[in-house]
Every structure is written in C-alpha cells, then in structure tokens.
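Trainee: I have this one open in the viewer and would like to go through it with you before lunch. Where do we start?

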Amino acid sequence: MSAAGGGPSEADISPEVLLALGVIGGLLGIYLSDINVLGGVIAPVLGSLGAVCAIIWGADAIRRVASYGLGTGVPSIGYMSLALGIIGALVGVALAATLNLTIIGPVLGLVAGLILGAVVGIVAKVIVKMKIAVLIRCTAEISGAAALAVLGFSSAIAGGYGLDLILAKVIAPGFIALFFIFVTMAIQHPFNACLGPNENQVRTIKLAVSTAFSVMTITGILAIFNPSLVYAGVPAWLVILVIGAIGWVVSLKSFICASNEAAAEVSWNAEIPKVEE
Amino acid sequence: MVITAILTLIIAVAIGGILIGGGVHFIPVGGAPAAMATATGVGTGTAMLAAGGGLTGLITAASMTGQPVYIVCIAGAVGGMLMIALTMLIANIIYVYGCGIVPSSAKVEKDIITGLDQEKYITPGTEGHGVPTGCFVSGVIGGLFGGVGGGLVYWAAYNALAEAITTPILGVESNVVIAGLAAILGVAVFFINAVIASYNIGGTTEGVHDPKFKRLPRGVLASGVASIVLGIFIYLIVGGAL
C-alpha cells in the first residue's frame with residue numbers, strides 16, 4: 001500500500017533494478033539510435049525503447065518520493081524534474097560538441113541531469129526545509145531519467161544525438177516543448193493515477209509502461225517530419241508508430257487486467273471515522 | 001564569450017529566477033481543497049498556474065525579441081498578468097455562478113483592499129472560497145513579477161545564444177534555433193523556480209495577506225541559489241553551441 005502522505009512505499013521490484021534498467025536501457029537505446037542497420041530504420045526504434053526504459057525508472061522514482069506527500073501534488077515534481085532533465089540533456093550534448101567528442105554526449109547529459117536534480121533537492125531540503133528523506137536522491141533520479149527519456153525520443157526523431165541534429169530537428173521545430181509535456185505526463189501520471197490505499201508497484205509500473213509507449217506512438221507521428229530514414233520503402237516513423245502502438249495496447253491491457261483483478265476483491269474496508277458534533 | 005557576457009547571463013537568470021520564485025508567493029494557489037471550493041484560491045496546483053501564466057508571459061516576451069531588455073520584460077509582465085487575471089476571473093465565475101458561493105477569505109477578518117467583512121460569508125467548516133479582491137490583486141502582482149522574471153531569462157538566453165550561433169545549422173536559420181532554445185530554457189527555469197516556491201509555501205497560499213507570505217525571504221533565497229546553478233549550466237549550453 002502506498003498513499004500520498006503515507007510514508008515510505010513498499011516495492012516488489014527494488015529501486016536499484018529499475019535504476020539499472022533506466023540507465024543501461026536508456027543509454028544503450030540512445031547510443032544505438034544512429035547505427036546504420038537496414039538503412040537506419042531500426043535505430044530510431046531503439047532510441048525510443050531506450051526512452052521507454054528511462055520513463056519506467058522515472059515513474060518508480062516519482063512513486064518513491066511522492067508517497068511521502070509533497071504538499072504540492074504529484075505533477076509538480078514531474079514538471080520540475082523534466083525542466084532539470086532537459087537542461088541536463090542539452091548541457092550534455094552541447095559540452096560533447098565543445099569537446100569534439102559526440103560519443104560522450106548522452107552520458108554527460110545523464111550526469112548533468114543527476115547533478116542538477118541533486119542541487120535542487122539539496123536546496124529544497126536545506127533552505128526550504130522539506131522533511132522527506134529520499135527527496136535529494138529521488139529528484140536526482142527523476143531528472144536523470146528525464147534527461148535520458150528526452151534524449152532518447154529526440155535521437156529517434158533526429159536520427160542521432162549530435163548537438164547539430166538535436167538543435168535543427170528537435171529544438172528549432174519546437175518538438176522539445178512537446179517532449180517536455182509528454183514525458184512529464186508519462187513519468188508523473190502513473191503514480192498520480194494509482195496512488196491511494198491498495199496501490200501496488202507492479203500495477204503502477206504497468207501503467208508507466210503504457211504511458212511511455214503512448215509517448216513513443218506520438219514520437220512516431222512527429223518523426224514523419226524527418227523523412228530521410230527509409231529502408232525498402234518502409235519509413236522509420238511507421239516502424240516507431242507501429243511498435244509504439246503495439247506496446248501501448250499490450251501494456252494498457254495488462255494494466256486494466258491488473259486493476260480488475262485488484263478491484264474484484266475487497267480484502268479490507270475502512271470504517272468511517274465517527275465525528276463528534 | 002567575454003567575462004561580462006557570462007556574468008550578464010548568470011546574473012540575469014538568477015534575478016529572473018528570484019522574480020519568478022517570489023512572484024509565486026503572491027498567487028492565490030488553492031490546490032485540491034479550492035477545487036472543491038472549501039479553501040480560498042484558484043483550484044489547482046502551482047505547476048498548472050505557472051504553466052498558464054508563465055508560458056503566456058514567455059510568448060508575449062518572445063514576441064518582443066530584439067527589443068531592449070525593459071520592453072521584453074514589460075511584454076512578459078503584460079502576458080503573465082493577463083493570463084493569471086483571466087484564470088482567476090474565470091475561476092470566480094465558476095465559483096460564484098456554478099457553486100453558488102461568495103468569494104471570501106478565512107485568513108483575514110476584512111479584505112485587505114475593499115475592507116469588507118469576510119467572516120459572515122464563509123461557509124462553516126471551510127477555509128474560505130473563491131478569489132476575493134485582496135487575493136485577486138495579489139495574484140496580478142504575482143503575474144507581474146513572474147512575467148518580468150520569465151522575460152528576463154528569455155532575453156538573457158536569447159542574447160547569449162545570438163552571440164554563439166551565427167550560421168545556419170543543417171539548413172535551419174540560426175534565429176529559429178536561437179528562439180527555440182531560448183524559449184525552452186526560459187520555460188525550464190520558470191517551472192523549476194515555480195515548484196521550489198511551491199514547496200516553500202507548502203502547496204497552497206492566499207497571497208500577500210496569508211501568514212505563509214512571511215516565508216518569502218526563504219523562498220527567494222532558495223530560488224536565487226538554484227537559479228545561479230541553472231545560470232552556470234545554461235552558460236555551458238551556450239558555450240557548447242559555439
């Protein structure tokens with residue numbers, strides 16, 4: 001059980017496993033987003049799948065921190081961490097371009113996101129005096145996940161993670177603003193929707209997988225604007241769209257099944273407290 | 001970049017962040033209780049109000065791109081104030097004609113602007129409801145500060161980037177890239193400071209007359225420290241975009 005304001009959350013899957021999934025899956029996806037197999041059609045799909053891994057990690061981090069009750073609602077930390085993550089991701093690719101080492105961009109982006117998240121976490125804890133033990137760690141984790149997720153989807157649209165590609169294909173057309181809101185929703189919505197008594201980590205993560213794949217489906221639509229990636233007449237955007245949609249339907253179905261299973265049995269019912277008048 | 005340009009960028013981001021963080025303390029954020037009309041303020045969280053007011057302010061500020069800094073800031077302020085005023089007005093219409101309540105505050109005995117008695121209009125068991133005049137004026141002042149802050153961050157980021165990016169990137173005109181990058185950086189700084197301020201007020205406030213307003217110095221300090229770090233990171237982006 002994990003209600004907002006209810007204290008630490010119980011977990012079937014340890015945070016470290018999801019952290020590893022997010023970091024390794026996210027980085028691997030981004031690094032494979034410019035490989036030239038089958039005319040580059042597979043690469044953007046791998047970039048998007050990396051972002052999906054990062055979103056699952058971020059959604060679990062939100063679950064851990066928001067179960068203490070932030071006082072400001074679950075979405076607020078999502079928006080803030082996405083803002084931090086986007087600045088971190090841009091710092092990463094920009095620094096890599098300055099150093100002429102494009103290959104280190106995603107790692108630097110992750111590190112910059114983690115550092116920014118930790119700084120704001122420390123400010124919130126030391127200056128604002130928030131009393132949440134996991135605040136610094138979780139803000140850093142969500143910001144790092146946000147950096148990877150935004151870079152993953154951006155590299156899927158741009159066909160790579162170099163600064164020039166990101167600036168010309170993602171920032172100039174304004175897709176970065178869409179990713180800001182979409183990825184925020186994908187990361188904060190699962191716990192925001194599932195929180196309360198009988199909240200369960202596996203079910204929340206099933207919803208996170210479904211929101212992540214829904215963003216991937218939309219990324220497929222956005223990738224129409226970069227028609228250069230085609231193999232044997234099949235454009236890359238179509239592959240992202242179809243795989244994203246399949247993932248979305250499968251994960252949403254599994255989430256709805258899990259919700260139905262949980263709802264079919266009421267194992268404990270609270271008494272309504274008696275109020276003396 | 002010369003050292004004065006770097007300092008201008010970092011200081012402008014810091015001042016902008018402080019104005020945004022400070023401005024949020026003025027805005028009547030009601031949160032979930034206000035959504036049920038059982039507390040004073042607009043019935044949503046800071047992040048949503050910041051998204052509305054802040055983004056409108058950034059659009060109006062960006063429409064003045066290339067003008068002197070004070071014009072950009074005034075344009076941002078007009079956008080922010082208009083949007084927050086409209087949000088509060090529409091909220092009040094819904095509260096008054098939809099819920100059938102009188103806008104009133106439980107935190108003060110008399111409204112700080114009109115001087116009207118508040119207590120007899122408050123439904124028993126609630127902490128006030130709607131957006132009374134004092135909260136409304138306070139919210140508009142918050143929109144002013146937030147808009148000026150957002151405009152300042154946009155102006156600083158745009159000018160720094162305009163020095164760094166001078167040639168088209170992969171066939172895209174440099175000014176399009178600069179405007180897009182400056183806008184997303186402005187939005188990011190806006191959200192970060194709005195949420196830090198929201199943490200400081202514990203989610204909900206009524207504005208200047210709320211006892212939580214005394215926490216303003218702490219919120220300003222927090223926004224200032226965070227924004228200086230953000231300014232340094234934004235400089236890294238600008239330096240890398242050369």
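Mentor: We start with a term: helices here are DSSP runs of H or I with at least four residues, strands are DSSP runs of E with at least two, and both are numbered from the N terminus. Please also keep in mind that this is a predicted model.

Trainee: OK, so how much helix and strand is there over residues 140–160 of chain A?

Mentor: That span of chain A is 90% helix and 0% strand, and its end C-alpha atoms are 25 Å apart. It is one of the stretches of chain A that an unreviewed UniProt entry lists as "transmembrane region", another being residues 103–128. Residues 103–128 of chain A are 88% helix and 0% strand, with the end C-alpha atoms 38 Å apart.

Trainee: And which residues of chain B does UniProt list for that feature?

Mentor: The unreviewed entry gives residues 6–27, 39–63, 69–97, 135–157, 177–199 and 220–238 of chain B. Residues 6–27 are 86% helix and 0% strand, and their end C-alpha atoms are 32 Å apart, while residues 177–199 are 100% helix and 0% strand, with the end C-alpha atoms lying 33 Å apart.

Trainee: Staying in chain B, at what angle do α1(B) and α6(B) pack?

Mentor: Helix α1 (residues 3–24) and helix α6 (residues 174–200) of chain B pack at an angle of about 45°, with their axes 8 Å apart. The two helices α1(B) and α6(B) are therefore oblique to each other, and the crossing in which α1(B) passes α6(B) is right-handed.

Trainee: Which residues meet there?

Mentor: On the α1(B) side they include Gly16(B), Gly17(B), Ile20(B) and Gly21(B), and on the α6(B) side they include Phe190(B), Asn193(B), Ala194(B) and Ala197(B). By class, the residues of that contact are eight nonpolar, five polar and no charged.

Trainee: What about a helix pair in chain A, say α5(A) and α6(A): what is their angle?

Mentor: Helix α5 (residues 135–158) of chain A packs against α6(A) at about 85°, with the axes 9 Å apart. Angles from 65 to 115 degrees count as roughly perpendicular, and α5(A) and α6(A) are therefore described in that way. Ser154(A), Ile157(A) and Ala158(A) of α5(A) make the contact with Leu165(A), Ile166(A), Lys169(A) and Val170(A) of α6(A). That contact of α5(A) with α6(A) has five nonpolar residues, one polar and one charged.

Trainee: Switching topic, what is the strand order in the sheet of chain B?

Mentor: The sheet is open, with three strands in the order β1-β3-β2 and mixed pairing. The edge strands are β1 (39–40) and β2 (104–105) of chain B, each of which pairs on one side only.

Trainee: In which sense does each edge strand pair with β3(B), parallel or antiparallel?

Mentor: β1(B) pairs with β3 (residues 127–130) in the parallel sense over two bridges, whereas β2(B) and β3(B) pair in the antiparallel sense, also over two bridges. In β3(B), Glu127(B) is the bridge partner of Ala39(B), and Gly128(B) stands opposite Ser105(B).

Trainee: Last one: how many residues does each chain put into the contact between A and B?

Mentor: Chain A contributes 37 residues and chain B contributes 39 residues. On the side of chain A that touches chain B, α3 (74–98), α4 (105–127), α6 (163–171) and α7 (175–194) each supply at least two residues, and α3(A) gives the most, with 15 residues. By class, that side of chain A has 30 nonpolar, six polar and one charged residues.

Terms used
Residues are numbered from 1 along each chain as its sequence is written. Chains are lettered from A and ligands numbered from 1 in the order in which they are written. This is a predicted model: local features need pLDDT of at least 70, side-chain atom pairs count only at pLDDT 80 or more; totals for chains, interfaces and linings use all residues. Axes are lines fitted to C-alpha atoms, for helices over the stretch in contact, and angles run from 0 to 180 degrees between N-to-C directions. Angles under 35 degrees count as roughly parallel, over 145 as roughly antiparallel, 65 to 115 as roughly perpendicular and the rest as oblique. A crossing is left-handed if the near helix is turned anticlockwise from the far one by less than a right angle, and right-handed if clockwise. Two residues are in contact if their C-beta atoms, placed from the backbone, lie within 7 Å. Ala, Val, Leu, Ile, Met, Phe, Trp, Tyr, Cys and Pro count as nonpolar, Asp, Glu, Lys and Arg as charged, and the others, Gly among them, as polar. Two strands pair if DSSP finds at least two bridges between them. UniProt positions are given in the numbering used here, feature names are shortened, and annotations may be inferred rather than shown by experiment.
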